[in-house]
Amino acid sequence: ESYKKVEIDDCSLFQLKADEFGVAIARALAGNSRVTDVSITKCNLSVHTARELASTIARNKTIRTLNLS
C-alpha cells in the first residue's frame with residue numbers, strides 16, 4: 001500500500017534545515033504519482049523552498065492540496 005499524504009507539521013528537525021529538506025521533498029514529489037495531499041506547516045520555509053514546491057505543483061497533477069501555513 002502506498003501513502004497518499006505527506007504531513008510535516010511543526011517539526012523542529014525540519015526547521016533546522018528547512019531549505020535542504022524542503023527542496024529535497026519538492027524534488028521527490030515532482031515525480032511521485034501517489035501523493036495527493038501535502039502539508040508542511042510551522043517549519044520556517046523560505047521563499048526558495050516555496051518556489052520549488054510551486055514548481056512541483058505545476059508539474060505534478062496528482063497533488064490536490066498543498067498547505068504551507
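**Reading the terms in this model**

Modeller: L53 is found in helix α3. The model is a predicted one.

Biologist: Why is L53 called buried?

Modeller: The relative accessible area of L53 is 2%. Buried means under 20%, so L53 qualifies with its 2%.

Biologist: Which residues is L53 in contact with, leaving aside its neighbours within four places in sequence?

Modeller: L53 has contacts with A26, I40, L45, L66 and L68. Contact here means heavy atoms within 4.5 Å. A separate value concerns V23: the C-alpha atoms of L53 and V23 lie 7.5 Å apart in space, and the two residues are 30 places apart in sequence.

Biologist: T49 is also found in helix α3. What makes T49 buried?

Modeller: Its relative accessible area is 0%. The limit for buried is under 20%, so T49 is buried. Not counting residues up to four places away in sequence, T49 touches A18, D19, G22 and V23.

Biologist: S55 is found in α3 as well. Why does S55 count as partly exposed?

Modeller: S55 has 30% relative accessibility. Partly exposed is the class between under 20% and over 50%, so 30% places S55 there. The C-alpha atoms of S55 and R27 are separated by 9.2 Å, with their positions 28 residues apart along the chain.

Biologist: How do you know that α2 and α3 are roughly parallel?

Modeller: Two packed helices are described by the angle between their axes and the distance between the axes. For α2 and α3 the angle is about 5° and the axes are 9 Å apart. Angles under 35 degrees count as roughly parallel, and therefore α2 and α3 are given that term. On the α2 side the contact is made by A18, D19, G22, V23, A26, R27, L29 and A30; on the α3 side by H48, T49, E52, L53, T56 and R59.

Biologist: How do the residues of the contact of α2 with α3 divide?

Modeller: They comprise six nonpolar, four polar and four charged residues.

Biologist: What makes the pair of R27 and E52 a salt bridge?

Modeller: Side chains of opposite charge can pair when their charged atoms come close. In R27 and E52 the N to O distance is 3.9 Å. The cut-off is within 4 Å, so the pair is a salt bridge. R27 belongs to helix α2 (residues 18-30) and E52 to helix α3 (residues 47-59), so the salt bridge ties together parts 25 residues apart in sequence. R27 is exposed, with a relative accessible area of 57%, set against a limit of over 50%.

Biologist: How many salt bridges does a search of the whole structure find?

Modeller: The search finds two. One of them joins E20 and K17, with the closest N and O atoms 4.0 Å apart. K17 is partly exposed, with a relative accessible area of 44%.

Biologist: Why is the aromatic pair of F14 and F21 called tilted?

Modeller: A pair of aromatic rings is described by the distance of the centres and the angle of the planes. The count of aromatic pairs comes to one. In that pair, F14 and F21 are 5.9 Å apart centre to centre, and the angle between the planes is 45°. Centres must lie within 6.5 Å, planes under 30 degrees apart count as stacked, and planes over 60 as edge-to-face. An angle of 45° is in neither of those classes, so the pair is tilted.

Biologist: Which accessibility class does F14 belong to, and which class does F21 belong to?

Modeller: F14 is buried, at 4%. F21 is partly exposed, at 28%.

Biologist: What is noted about the phi of D10?

Modeller: Most residues other than glycine have a negative phi. The phi of D10 is near 55°, a positive value in a residue other than glycine. D10 lies in the loop between β1 (5-9) and α1 (12-16). With 52% relative accessibility D10 counts as exposed, the limit being over 50%.

Biologist: Where is K42 placed, and what is its phi?

Modeller: K42 is in the loop between β2 (37-41) and α3. Its phi is near 55°, again a positive value in a residue other than glycine. K42 is exposed at 58% relative accessibility.

Biologist: Why does K4 count as partly exposed?

Modeller: K4 has 49% relative accessibility. Exposed requires over 50%, so K4 remains in the partly exposed class. K4 lies in the segment before β1. Not counting residues up to four places away in sequence, K4 touches R34, V35, T36 and D37.

Terms used
Residues are numbered from 1 along each chain as its sequence is written. This is a predicted model: local features need pLDDT of at least 70, side-chain atom pairs count only at pLDDT 80 or more; totals for chains, interfaces and linings use all residues. Side-chain values use heavy atoms; hydrogens and water are left out. Rings of Phe, Tyr and Trp (its six-membered ring) pair if their centres lie within 6.5 Å; planes under 30 degrees apart count as stacked, over 60 as edge-to-face and the rest as tilted. Buried means under 20% relative accessible area, exposed over 50%, partly exposed in between (1.4 Å probe, protein chains only). A salt bridge is a side-chain nitrogen of Lys or Arg within 4 Å of a carboxyl oxygen of Asp or Glu. Helices (H or I, at least four residues) and strands (E, at least two) are DSSP runs, numbered from the N terminus. Axes are lines fitted to C-alpha atoms, for helices over the stretch in contact, and angles run from 0 to 180 degrees between N-to-C directions. Angles under 35 degrees count as roughly parallel, over 145 as roughly antiparallel, 65 to 115 as roughly perpendicular and the rest as oblique. Ala, Val, Leu, Ile, Met, Phe, Trp, Tyr, Cys and Pro count as nonpolar, Asp, Glu, Lys and Arg as charged, and the others, Gly among them, as polar.
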